[in-house]
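Hi everyone, thanks for making time for this. I'd like to walk you through one chain today, so please have the viewer open and follow along.

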Amino acid sequence: MNDSVLNLSDQLFEAYSRETGNTYIFYSDLKKRFSRWSRNAVAFFGLSDEIIEDLGDEWETHVHPDDLLAFRKSINDVMSGRTDGHHLEYRARAQDGSYVIVTCTGSIINDKDGNPAIFAGTLVNHGLTDSYDPITNFNN
């Protein structure tokens, strides 16, 4: 992949991560073993950095202990190919120590040989409200 494509990918990630409100984007490079999270997610959850090596270990410290088994099962199912996507609602610890309900969705992107290469998705933070009421469409 040439530098201009990588630069465009970085610019797209930056654009989408700025415009997400209570929805955070992320991706994990399964071959290079790092993940990238939107800055809003890093700030809200107190992650160590925007780019994290072996994210699974760090993120699991944010998953509520009562939800950890379901989280691990869902991730293992998608990583092993038993399911074609990850969709799970669970509690995650914010930087201030409180827990918020999140909905995480993600899927695997295979490389040209059909091997898992990228896990990409979104994390919706239900602890933050949207700025518009869905019924009245007024700013709340």
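I'll start with the overall layout, then go to the core, the aromatic residues, the charged pairs and one backbone angle.

First, a word on where this comes from: it is a predicted model. The mean pLDDT of the chain is 84, and 76% of its residues reach 70 or more. If you colour by confidence, look at helix α1, residues 3–18, which has the lowest mean pLDDT among the elements, at 60. Strand β4, residues 86–93, has the highest, at 96. Please keep that in mind for α1.

Now the layout. The chain has four helices and six strands. Reading from the N terminus, the order of elements is α-β-β-α-β-α-α-β-β-β. Of the 140 residues, 35% count as buried. For those of you who like contact maps: among contacts with a separation of 6 or more, 40% are between residues 24 or more positions apart.

Let's go inside. How many residues does the largest nonpolar core have? It has 22, and the ones with the most contacts inside it are F45, W59, F71, Y90 and L123. Several elements supply at least two residues each to this core: β1 (23–29), α2 (39–45), α4 (68–80), β4, β5 (99–110) and β6 (116–125). Helix α4 gives the most, with four residues. As a general background point, nonpolar side chains tend to be buried together in soluble globular proteins.

Please click on F45 for a moment. Leaving out residues up to four places away in sequence, F45 touches Y24, W59, H62, A92, R93, A94, Q95, V100, V102 and L123. Two of those partners, W59 and L123, were on the list of residues with the most contacts inside the core.

F45 also brings us to the aromatic residues. It belongs to one aromatic cluster with Y24, F26, W37, F44, W59 and F119. The structure holds eight aromatic pairs. One of them is Y27 with F34, an edge-to-face pair with 6.2 Å centre to centre and 75° between the planes. Y27 counts as partly exposed, because its relative accessibility is 22% and the limit for buried is under 20%.

On to the charges. A search of the whole structure finds seven salt bridges, and I'd like to show you some of them.

Start with R39 and E50, where the closest N and O atoms are 3.3 Å apart. R39 is in helix α2 and E50 is in the loop between α2 and β3 (51–53), so the pair links distant parts of the chain, eleven residues apart. Now bring R36 into view, in strand β2, residues 34–37. Its side chain makes a polar contact with the side chain of E50, at 2.9 Å. Together, R36, R39 and E50 are linked in a network of salt bridges. Is R36 buried or exposed? R36 is buried, with a relative accessible area of 8%. E50 is buried as well, at 14%.

Next, E60 and R72, whose side chains meet in a salt bridge at 2.8 Å, N to O. This pair joins helix α3 (residues 55–60), which holds E60, to helix α4, which holds R72, and the two residues are twelve apart. Both count as partly exposed: E60 at 24% relative accessibility, R72 at 39%.

Then there is R91 with D67, a salt bridge at 2.9 Å, N to O. R91 sits in strand β4 and D67 in the loop between α3 and α4, 24 residues apart. Here R91 is partly exposed, with a relative accessible area of 29%, whereas D67 counts as buried at 13%.

One last stop, for the backbone fans. Most residues other than glycine have a negative phi. R33 has a positive phi of about 60° although it is not a glycine. Where does R33 lie? You'll find R33 in the loop between β1 and β2. R33 counts as exposed because its relative accessible area is 53% and the limit is over 50%.

That's my tour, and thanks for listening. I'm happy to rotate back to anything you'd like to see again.

Technical notes:
Residues numbered from 1 in each chain as written. Predicted model: local features only at pLDDT ≥ 70, side-chain atom pairs only at ≥ 80, totals over all residues. Heavy atoms only, no water. pLDDT = per-residue confidence, 0-100. Buried < 20%, exposed > 50% of the residue type's maximum accessible area, 1.4 Å probe, protein only. Polar contact = N/O pair within 3.5 Å; in protein donor to acceptor, adjacent residues only side chain to side chain. Core = buried A, V, L, I, M, F, W, Y, C linked by side-chain atoms within 4.5 Å. Contact = heavy atoms within 4.5 Å. Salt bridge = Lys/Arg side-chain N within 4 Å of Asp/Glu carboxyl O. Phe/Tyr/Trp six-rings, centres within 6.5 Å; stacked < 30°, edge-to-face > 60°.
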